[in-house]
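Reader: Walk me through this model, please. I want the reasoning behind each label.

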Amino acid sequence: MNMQNPDGYTTADGRQIGGVMMEMKNITLRFGGVAAITDISFDIREGEIRAIIGPNGAGKSSMLNVISGFYVPQEGEVWFRGAKRPPMKPYQVAGMGIARTFQNIALFEGMSVLDNIMTGRLTQMKSGLLAQAMWWGRAQAEETAHREKVEKVIDFLEIQHIRKTPVGRLPYGLKKRVELARALAAEPKLLLLDEPMAGMNVEEKEDMSRFILDVNDEFGTTIALIEHDMGVVMDLSDRVVVMDYGKKIGDGTPDEVRNNQAVIDAYLGVSHDE
Amino acid sequence: MPDTFFYATEVMLNGLMAGVMYSLVALGFVLIFKASGIFNYAQGVLALFAALTLVGLQDGQIPFSHVINAIFGTDLHNFGWTLPAVVAIALTAVVMVGMAILIERYILKHLVNQEPIILFMATIGLAYFLEGLGDVMWGSDIKKLDVGLPQGISETIETATYNWFGYGFFIDKLDIVAALVAAALVIALTLFSQYTKYGRALRAVADDHQAALSVGISLRFIWVLVWSIAGFVALVAGIMWGSKSGVQFSLSLIALKALPVLMLGGFTSIPGAIVGGLIIGMGEKLFEFSIGPMIGGATENWFAYVLALLFLVFRPQGLFGEKIIERV
């Protein structure tokens, strides 16, 4: 038994997974009369890579938006590190150490790569408005310290060569990487990735998979991700939640999920009168 | 002939100086438009309100004294003290920040995600409200604003140019101060927006609201911040215009002159606001000087708008604005 993590488990490759970091309890989200998510519960453990998969329109992105505060569910509770989270604005969620990327990339197109990633440090910057406006010593020293952290992230994701480039000019694959860098710069406790590999070619997908694994491995960052590509998901993740039509139809290790009949039906399609 | 040339140059210089005033007002517009996409019709009135408050505070005028006197039959006018200019300016800046907080709290917060035209209408309402409030608070008579800025023709320049060219240029000292202040303001704003975390947050919000939220930026805080800065810029504009031509309610009309400036410079560019203001100021003076006499004068009333119209036809994004490309 693992004494440090009495609630946790050890993965096949020897990584220690801790106790429950985030728990979603009976989440229901409706838009008008349409239910995007119906009564879903699952948890995310410290240090794990948790995937949410499912066919188009299954409610995966909605679930990620609930976690990051962009949507407020009508029913259910969100628990974070042992405390129930009150309804929060997205910027407050970010302040708790939950960073995210978007399916359709939401970067500051007019700003340089460096500036974009620096915005990721905003939640970590402490000096006040006046000190900033007056450019007093502390603010300046702080800026330098943050800049160093950002440079580390830039090195880590191998984007040194585009640091000064305006994001609007970058190709799609690099934009995805910059968005990941911005999220990483916040040194998040929980990193939410909405389809990090959507629209990428094989090579780009391999790079991104490697980065995700490295982030988890080197910084111990807990990651929750949504992905379409089943192969990628099964390789990356420790545990997988499967959604279909807003409901949870499977939850477990990749192997368990792969052999789950409901999951197979949802993905391969099965006529319901059989 | 050289005298005509020098005279034209002098007209041009004076135009440039007048343009600085337009630039100052246009600057306030650009700041708010960039960060929130709101065309703030009330920017001119903000300048008026700031100038009124400044004079009122400086002279120790009792706010709402007309109303109080009418209701209670009293005869209050002044507190009986005067404030040093620096203190009065600092207090007015605080009032402008308070105003920004109230505007966010009672107007903007309730109009989140509304169409730009709705927000524009709201700022028209705000403009008339503030004009009325300024009237009720401080009275509607024309006031003299004197914060100790140098006034009158600069004799140094006149003598120096006379010695060099044999022609003494008439330049108003106040105009020179205004130009320096505007330059300092632009430099300060640029440094703030490029090198501080709030400046970066401001640019981030201007670029993409959703992404800004995801990195932990509170939009409400940013609105207050940007309206405070716009209020401060309005205060500077109010001081300059007020010192030049007295604090009167026609001050709010300078907002209309800022409109062609913005069309010329582009609605989203701070350098654009400055350059646009200079071109309009210089252009209208030179046009009046050269063409004006042939067509009966008074061209300054319409020249700026015609120039803006030409820009709308040939370069709708302005000199420095972002080119609008719609993907089909």
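**Labels and the reasons for them**

Author: This is a predicted model. Chain B has a mean pLDDT of 87, and 97% of its residues reach 70 or more. The model scores ipTM 0.85 and pTM 0.85.

Reader: What makes a residue of chain B count as in contact with chain A?

Author: The C-beta atoms of the two residues must lie within 7 Å. On that basis, 18 residues of chain B are in contact with 24 residues of chain A. Helix H8 (197-207) and helix H9 (209-214) of chain B are the elements that give two or more residues to this side of chain B. H8(B) supplies the largest share, seven residues. By type, the side of chain B that touches chain A has eight nonpolar, five polar and five charged residues.

Reader: Why is A:Asp39 called partly exposed?

Author: A:Asp39 has 14 C-beta neighbours inside 10 Å. Buried needs 20 or more, and exposed needs 12 or fewer. The count falls in between, so A:Asp39 is partly exposed. This residue is found in strand E4 (residues 34-45) of chain A.

Reader: Why is B:Ala298 called exposed?

Author: B:Ala298 has 10 C-beta neighbours inside 10 Å. The cut-off for exposed is 12 or fewer, so B:Ala298 counts as exposed. B:Ala298 lies in the loop between helix H12 (270-290) and helix H13 (303-314) of chain B.

Reader: What is the phi of A:Asp39, and what is the phi of B:Ala298?

Author: Phi is near 45° in A:Asp39, a positive value in a residue other than glycine. Phi of B:Ala298 is near 55°, also positive in a residue other than glycine. Most residues other than glycine have a negative phi.

Notes: Residues numbered from 1 in each chain as written. Chains lettered and ligands numbered in written order. Predicted model: local features only at pLDDT ≥ 70, side-chain atom pairs only at ≥ 80, totals over all residues. Helix = DSSP H or I, 4+ residues; strand = E, 2+ residues; numbered from the N terminus. Nonpolar A, V, L, I, M, F, W, Y, C, P; charged D, E, K, R; others polar. pLDDT = per-residue confidence, 0-100.
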